[in-house]
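Hi,

Here is the structure I promised to pass on. Have a look at it first, and then read my notes below with the model open beside you.

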Amino acid sequence: MICSTHFIGQTAGATVSSASANYKESDEVQAARKILDKAMSEADLFESVRAHLDAFGWRWYHTYDSRRSNGGFPDIVATKPRGEGSRLLFIELKSEKGHLSPDQLVWQDALIHSGATHMVWRPSDLSSGDVERTLRSPW
């Protein structure tokens, strides 16, 4: 699931902001964003996503040492109670060039076919605002 919006936040130490949804970035800003996105590690992405989850009131879980766990399970499981129901997200984090492993693809398929929301987030999803938009969404 990919969302599109603008985001006010930080990516690899650089502040990214927009004044309105109609804001058009210059070619130079877009090029700089791509460089920063490529430089962001999965660990840095995790810290940024964790901060966003906390800021928007989500409860989340992450297995810090998965060596004894079944392979391929998503990096983060997050939920946010809302009124009569709640929302549950399974989030896999990848570097800009990272690929899902065969085990991760099996989990992704199983979760999607069970009706769950499974997302793969990359640094570009953070810098573009997709992460913030998803976490703020009233669904």
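**Salt bridges, ring pairs and two helices**

Asp54 makes a salt bridge with Arg50, and their closest N and O atoms sit 3.1 Å apart. Before you go on, keep in mind that this is a predicted model. Both Asp54 and Arg50 belong to helix H2, where they are four residues apart, about one turn of the helix.

Arg50 has another partner too: its side chain meets that of Glu47 in a salt bridge, at 3.0 Å from N to O. These two also lie in H2, which covers residues 42-55, and they are three residues apart, again about one turn of the helix. Put the pieces together and you get a network of salt bridges that links Glu47, Arg50 and Asp54.

Are these three buried or exposed? The cut-offs to know are under 20% relative accessible area for buried and over 50% for exposed, with partly exposed in between. Arg50 has 25% relative accessibility, so it counts as partly exposed. Glu47 comes out at 39%, so it is partly exposed, and Asp54, at 40%, is partly exposed as well.

Now look at the rest of H2. Its buried residues are Leu45, Phe46, Ser48, Val49, His52 and Leu53. You can also check the length of this helix: at 1.5 Å a residue, its 14 residues should span 20 Å, and the end C-alpha atoms are indeed 20 Å apart, so the two values agree. Just after H2 comes Gly57, which takes a positive phi of about 80 degrees.

How many salt bridges are there in the model? The count comes to four. One of them is in helix H5, so let's go there next. The side chains of Glu132 and Arg136 meet in a salt bridge with an N to O distance of 2.6 Å. Why are they about one helical turn apart? Because H5 (residues 130-136) holds both of them, with Glu132 and Arg136 four residues apart. Their surroundings are worth a look: Glu132 is buried, with a relative accessible area of 10%, whereas Arg136 is exposed, at 54%.

On to the aromatic rings. A pair of aromatic rings is described by the distance of the centres and the angle of the planes. The structure holds four aromatic pairs. One of them joins Phe73 and Phe90, which are edge-to-face, with 6.1 Å from centre to centre and 85 degrees between the planes. Phe73 lies in the loop between strand E3 (59-61) and strand E4 (76-82), while Phe90 is in strand E5 (residues 85-93), so this pair ties together parts that are 17 residues apart in sequence. Phe73 is partly exposed, with a relative accessible area of 34%, and Phe90 counts as buried, at 10% relative accessibility.

Phe73 also pairs with Trp107: the ring centres are 4.8 Å apart and the planes are at 90 degrees, so this pair is edge-to-face. It links distant parts of the chain, with Phe73 in the loop between E3 and E4 and Trp107 in helix H3 (residues 102-113), 34 residues apart. Trp107 is partly exposed, with a relative accessible area of 27%. Elsewhere, ring pairs link Phe46, Trp60 and Tyr64 into a cluster. You have already met Phe46 as one of the buried residues of H2.

Since Trp107 has brought us to H3, try the length check here as well. At 1.5 Å a residue, the 12 residues of H3 should span 16 Å, and its end C-alpha atoms are 17 Å apart, which agrees.

Which residues of H3 are buried? They are Gln104, Gln108 and Leu111. These three cover an arc of only 75 degrees around the axis, which puts them on the same side of H3. Turn to the other side of H3 and you will find Pro102, Val106 and His113, which are exposed. Just after this helix, Gly115 takes a positive phi of about 95 degrees.

That's it from me. Enjoy looking around!

How values were computed. Residues are numbered from 1 along each chain as its sequence is written. This is a predicted model: local features need pLDDT of at least 70, side-chain atom pairs count only at pLDDT 80 or more; totals for chains, interfaces and linings use all residues. Side-chain values use heavy atoms; hydrogens and water are left out. Buried means under 20% relative accessible area, exposed over 50%, partly exposed in between (1.4 Å probe, protein chains only). The expected span of a helix is 1.5 Å times one less than its number of residues. Rings of Phe, Tyr and Trp (its six-membered ring) pair if their centres lie within 6.5 Å; planes under 30 degrees apart count as stacked, over 60 as edge-to-face and the rest as tilted. The arc is that of the directions from the helix axis to the C-beta atoms.
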